[in-house]
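Me: I have a model open on my screen and would love a guided close look at one part of it. Could you start with that part and then walk me outward from there?

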Amino acid sequence: MKFKFLITLLSPLLICCKGTEKNSRNVAEISSERISINSEIIADQEIDEFIKPYQKHLNATLDSVLAYNPTLLSKNDGDLNTAIGNLMADVVMQQASPVIEKRSGRKIDIVLLNHGGIRSELPSGDITTRSAYNLMPFENEIVVAELTGAQLKEMLKYLEKAKTAHPISGIKIKANRDYKIREATIKGEKIDKNETYFVATSDYLFNGGDNMNFFRDPVNVYAADYKIRNALIDHFTKTDTIRAKIDDRYIRE
Amino acid sequence: MKRKDFIQNTAVATAFLGLGGLSTLSFKPETRRHITILHTNDVHSHIEPFGPEEGRNAGLGGVARRATLIEKIRQENPNTLLLDAGDIFQGTPYFNFYGGELEFKLMSKLKYDAATIGNHDFDNGIDGLYAQLPHADFDFIISNYDFKNTIMDGQTKDYRVFHKDGIKIGVFGLGIELQGLVNDKLYKETKYLDPVEMATEIGAKLKNEENCDLVICLSHLGYQYKGDKISDIKLARATSNIDLIIGGHTHTFLERPTVETNKKGNKVLVNQVGCYGLYLGRVDFFLDENKNIEADGVKIAID
């Protein structure tokens, strides 16, 4: 009661102070709700109809068959190299090397991707554009870092620690049982400290993703302006039957 | 289903109850105005609902369902604003195929009032964003990107004032720092300006010069970070005139808005509804003509 009295007394004062021309209002109450968009809500028919032609065209393209895959490929099959990882790294090598050669005069020497970047399995049967989207849903582009022989040694140290089947191509690595690297060769030759090498990777890894810090200070960088997914789609398009297998590119004794 | 929790500090609670009782005696009930704010963020080209086998999001989302829901709420309260906090693009092949055309067309059909720009909205380059603008019948509001030397110059607004039922609602936008997050080839010469400075300047303008009753910040800064990086929570504390921050970027699923205290000691709500159009956020403001309710007397009821 006391409180109300006070307010009544104050009211005219406040109104006169604030002035009526401003006519501002005060928030008296706020309520909120987070509404789940679920199957209990019936889809708006007009919107649904509007989406349909886009959806139809999209699905027709996504589901068009590009190639045939005889066996299921999974990133969990294999120790330090997997059939699916080898496929992806080899595709980057084959598809991006001509692009980089045009721009720099040199071919790609090696490819390094990350195991975590293999986002799905490749089921046996028909391979479609959708398969490429599943495998590589991100927009990552291929970049080529020119690294010194010394920086490549850093890369090998990284791989020793990672003990992971990060996809590689163009380099052959032999490790002992404890992942310690015994031998690494590029086109049959040992890594030369005084040479530089063209290492293709994704812009994500190049920019420090997965702590691949050996990319931090390259001699040169060349952008391929080529998405990894598009490289996969282009490869699938020109391939009839996918031949991917585990091999001896990165092994332990 | 409609259980309400009331969040408030106790001193304020008493004050509110006192005033509430008074206002029913002294004022006509129709003087109370009701504004509904609906919001999404980080929808990332999710047009269709998730399929039945798509993990924890299975069966959720979908623009056509969102349309039904929004329409129903608009029928209940025509004084509704529909806002998006950025990252409209990128995440499904719809974006890769149509470059964002369908996203903008659908948002126009759903009658979005405004959106801010997220980092992924540059994924087809600033030219790719510009190319889709003709498909958007709503405003892009962002105050801390200086587009002067880009093709986007003149295409966005720092802020906008919406009039609903005699209530002035000021909406301004803030974007995240693009350097290091987006390839500079994509955003070109877009200059990032300090978000706290812009929010201070525009917040004051909206409250004091435009006489807005409500000030809403559409932010793509992100909810909260461990380090010094500016976030919605930091922004709420460091500024004075914002009533509600609708956030994005961090894909933070808030069940209810976080209540922060601003520089002047007033309450600020910070909300974000995760991503992919799985949820629609809703905040209802009830405004009284009773001028002696102090800002502290805000009663925050959360469903």
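Does B:Cys212 count as buried or exposed?

Reply: Happy to take you through it. Please keep in mind that this is a predicted model.

B:Cys212 counts as buried, with a relative accessibility of 3%. As for a bonding partner, the closest cysteine sulfur belongs to B:Cys217 and is 13 Å away, which is too far for a bond. A disulfide needs the two sulfur atoms within 2.5 Å. B:Cys275 can be read in a similar spirit: this residue is buried as well, at 5% relative accessibility. The closest cysteine sulfur to that of B:Cys275 is again in B:Cys217, this time 20 Å away, so the gap is too far for a bond. Over all chains, the structure holds zero disulfides.

Now for the setting of B:Cys212. UniProt, in an unreviewed entry, lists residues 36–252 of chain B as "domain: Calcineurin-like phosphoesterase". Over that stretch the chain is 29% helix and 19% strand, and the C-alpha atoms at its two ends are 22 Å apart.

Two loops of chain B deserve a glance at the backbone. Most residues other than glycine have a negative phi. B:Asp165 is not a glycine, yet has a positive phi of about 55°. You will find B:Asp165 in the loop between strand 7 (159–164) and strand 8 (167–174) of chain B, where this residue is partly exposed at 38% relative accessibility. B:His251 also has a positive phi, of about 50°, without being a glycine. Its loop runs between strand 11 (244–246) and strand 12 (258–261) of chain B, and B:His251 counts as partly exposed at 24% relative accessibility.

Let's cross over to chain A by way of a residue that touches both chains. A:Arg229 is found in helix 7 (residues 228–238) of chain A. At 1% relative accessibility, A:Arg229 counts as buried. Leaving aside residues up to four places away in sequence, A:Arg229 touches B:Asn96 from the other chain, along with A:Ala132, A:Tyr133, A:Met136, A:Pro137, A:Phe138 and A:Glu139. One of these neighbours also offers a polar atom: the backbone oxygen of A:Met136 lies 3.1 Å from a polar atom of the A:Arg229 side chain.

Next, have a look at helix 5 of chain A, residues 149–162. Its 14 residues should span 20 Å at 1.5 Å a residue, and the end C-alpha atoms are 20 Å apart, so the two values agree. The buried residues of this helix are A:Gly149, A:Gln151, A:Leu152, A:Met155, A:Leu156, A:Tyr158, A:Leu159 and A:Glu160. As background, an α-helix has 3.6 residues a turn, so residues three or four places apart point the same way. The buried residues of helix 5 pack against six listed strands of chain A: strand 3 (110–112), strand 5 (141–148), strand 7 (171–175), strand 8 (181–186), strand 10 (196–202) and strand 12 (250–252). Just after the helix, A:Lys163 takes a positive phi of about 50°.

A:Tyr158, one of the buried residues of helix 5, leads on to A:Asp210, which touches A:Tyr158 as well as A:Asn114, A:His166, A:Tyr204 and A:Leu205, again not counting residues up to four places away in sequence. A:Asp210 lies in the loop between helix 6 (203–206) and strand 11 (220–227) of chain A. With a relative accessible area of 31%, A:Asp210 is partly exposed. The C-alpha atoms of A:Asp210 and A:Val65 are separated by 33 Å, and the two residues are 145 residues apart along the chain.

Finally, step back to see chain A as a whole. Here UniProt lists residues 80–215 for "domain: 5'-Nucleotidase C-terminal", also in an unreviewed entry. Over residues 80–215 the chain is 35% helix and 27% strand, with end C-alpha atoms 21 Å apart. Chain A contains seven helices and twelve strands, and 49% of its 253 residues are buried. Of the contacts in chain A with a separation of 6 or more, 80% come from residues 24 or more positions apart. The C-alpha atoms fill a box of roughly 95 × 45 × 40 Å along the principal axes. The radius of gyration of chain A is 29 Å, whereas a compact globule of 253 residues would have one near 18 Å.

Key
Residues are numbered from 1 along each chain as its sequence is written. Chains are lettered from A and ligands numbered from 1 in the order in which they are written. This is a predicted model: local features need pLDDT of at least 70, side-chain atom pairs count only at pLDDT 80 or more; totals for chains, interfaces and linings use all residues. Side-chain values use heavy atoms; hydrogens and water are left out. Buried means under 20% relative accessible area, exposed over 50%, partly exposed in between (1.4 Å probe, protein chains only). Helices (H or I, at least four residues) and strands (E, at least two) are DSSP runs, numbered from the N terminus. The expected span of a helix is 1.5 Å times one less than its number of residues. Contact means heavy atoms within 4.5 Å. A polar contact is a pair of N or O atoms within 3.5 Å; within protein, one must be able to donate a hydrogen and the other to accept it, and residues adjacent in sequence count only if both atoms are side-chain atoms. UniProt positions are given in the numbering used here, feature names are shortened, and annotations may be inferred rather than shown by experiment. The radius of gyration is taken over C-alpha atoms; the globule rule is 2.2 Å times the number of residues to the power 0.38.
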